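Q: Hi, could you walk me through this structure at a first-year level? I'd like to go piece by piece.

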Amino acid sequence: MTSKNPEYDFKWCPGCGDFGVRRALEGAIQRRVVETETPMESNVVVAGIGCSGNMVHMLESDEQPYGFHGIHGRTLPIAMGVKMARPDLNVVVVAGDGDFLSIGFEHIAPQAARNLDVTAIIMDNGVYGLTKGQSSPTTDLGVVTSSTPFGKPEEKMNPFQLYLSMGVSFVASTMSSQIRPMTQMMMDAMEHPGFSIVHIQSPCTEYNNTYDILKGNPRKGIPGLAYDIPDDYDSSDHEAAFELSSSDGIPLGVIYQDADRPTFDQRIDDISDKARVKTVPGLLDTYTI
């Protein structure tokens with residue numbers, strides 16, 4: 001429960017990776033407000049359902065961005081509505097792997113094709129945490145969960161390959177424990193002109209605690225999956241990005257960025273400039289038989 005919402009019971013479990021994501025998002029938005037000299041009200045956070053959806057209620061600071069707690073899997077359509085009504089706003093989507101990559105999967109490709117100028121912050125814990133540990137699209141093959149008591153029968157989804165193949169123009173990867181790099185990554189994503197996704201490994205301590213698997217634990221003989229992308233890597237090379245996303249392990253850093261594509265706002269403006277504006281008498285004449 002928070003002092004801001006005493007009538008509701010919003011909780012994250014102790015040790016949840018989403019606490020780190022919250023801290024980074026708060027810092028990124030606050031820094032953006034200062035650097036762009038815009039009011040806090042120029043930022044909108046759109047959430048879906050799940051542990052990630054509580055983000056709009058858990059943000060803590062003297063000034064708050066607008067928060068919209070939507071429905072499961074429909075964060076991107078809501079974000080598009082906000083952005084089309086007010087293109088001047090900084091619209092940030094917060095979602096989980098189940099929310100974004102399962103029921104919400106169908107909305108990623110259309111927004112990538114449009115290059116909608118919004119930022120999606122995805123908290124991936126590889127499980128449906130809020131509803132007590134069912135398997136999600138990023139749960140490993142064969143894992144026993146409450147919804148797969150004999151092991152998950154589907155292959156694990158590779159979100160980075162999907163983002164790249166769909167045409168997302170900014171794709172970045174980080175871990176919830178890396179607060180400072182994650183804050184800067186979110187800043188870069190918000191400044192990117194187009195559809196940006198920051199995909200975060202955010203372990204669930206209750207149902208899928210992957211901290212050792214991600215970071216490594218020499219005492220347990222666990223090497224760790226996460227590694228930093230080399231400094232000489234060219235994030236503008238789409239082919240290199242796809243090769244990186246297809247390799248073993250989880251790369252940390254900006255995987256791909258294309259800042260030259262027009263945004264959806266720009267394309268709509270271009271179409272509007274070409275469209276003929278009809279007068280009221282002219283519109284009435286179109287109904288004349």
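Q: Which residue in S8 does Ser173 stand opposite?
A: Ser173 stands opposite Gly253 in S8. Please keep in mind, as we go on, that this is a predicted model.

Q: OK, and how do the strands S5 and S8 run, parallel or antiparallel?
A: They run antiparallel, and four bridges join S5, which covers residues 170–175, to S8.

Q: What about S7 and S8, which sense is that pairing?
A: Strand S7, made of residues 226–228, pairs with S8 in the parallel sense, and this pairing extends over three bridges. Within it, Ala226 stands opposite Ile250 in S8.

Q: What kind of unit do S7, H9 and S8 make?
A: Together S7, H9 and S8 make a β-α-β unit, and that unit is right-handed.

Q: Why is S8 said to be largely enclosed?
A: Six of the eight residues of S8 are buried, so the rest of the structure largely encloses this strand.

Q: Switching to pockets: what volume does the largest pocket have?
A: The largest pocket has a volume of about 640 Å³. It is lined by 32 residues, and the closest to its centre are Thr138, Asp140, Lys156, Leu225 and Ile250. Ile250 is also the residue of S8 that has Ala226 opposite it, which ties the pocket to the strand pairing we just discussed.

Q: Which helices and strands supply at least two residues of that lining?
A: For the largest pocket these are helix H6 (159–166), helix H8 (211–215), helix H9 (238–246) and strand S8 (250–257). Sorted by class, the lining of this pocket has 13 nonpolar, 15 polar and four charged residues.

Q: Can we look at H6, then: which residues are buried there?
A: In H6, the buried residues include Pro159, Phe160, Tyr163, Leu164 and Met166. As a general point, an α-helix has 3.6 residues a turn, so residues three or four places apart point the same way.

Q: And what happens at the start of H6?
A: There, a side-chain oxygen of Asn158 reaches to within 3.1 Å of the backbone nitrogen of Phe160. As for what comes after the helix, H6 is followed by Gly167, and the phi of Gly167 is positive, near 100 degrees.

Q: Back to pockets, how much space lies in the second largest pocket?
A: About 240 Å³ of space lies in the second largest pocket. Of the 15 residues that line it, the closest to its centre are Cys13, Cys51, Gly129, Leu130 and Lys132. The lining of this pocket divides into seven nonpolar, three polar and five charged residues.

Q: How many cavities of 30 Å³ or more are there?
A: The count comes to two cavities of 30 Å³ or more. The largest cavity has a volume of about 60 Å³, and its lining includes Leu25, Glu26, Ile29, Gln30 and Met40. By class, that lining divides into five nonpolar, three polar and two charged residues.

Q: Which residues line the second largest cavity?
A: The second largest cavity, with a volume of about 30 Å³, is lined by Gly73, Thr75, Leu76, Asp99, Phe100, Gly104 and His107. The elements that give two or more residues to this lining are helix H3 (75–85) and helix H4 (97–103). By class, the lining of the second largest cavity has two nonpolar, four polar and one charged residues.

Methods:
Residues numbered from 1 in each chain as written. Predicted model: local features only at pLDDT ≥ 70, side-chain atom pairs only at ≥ 80, totals over all residues. Heavy atoms only, no water. 1 Å grid on protein atoms, 1.4 Å probe; cavity = no way out; pocket = protein on both sides within 12 Å on 5 of 7 lines; lining within 4 Å. Points joined across faces, edges and corners; volume = space filled by probe spheres on them. Nonpolar A, V, L, I, M, F, W, Y, C, P; charged D, E, K, R; others polar. Buried < 20%, exposed > 50% of the residue type's maximum accessible area, 1.4 Å probe, protein only. Polar contact = N/O pair within 3.5 Å; in protein donor to acceptor, adjacent residues only side chain to side chain. Pairing = 2+ DSSP bridges. Right-handed = clockwise from strand over helix to strand, strands pointing away.
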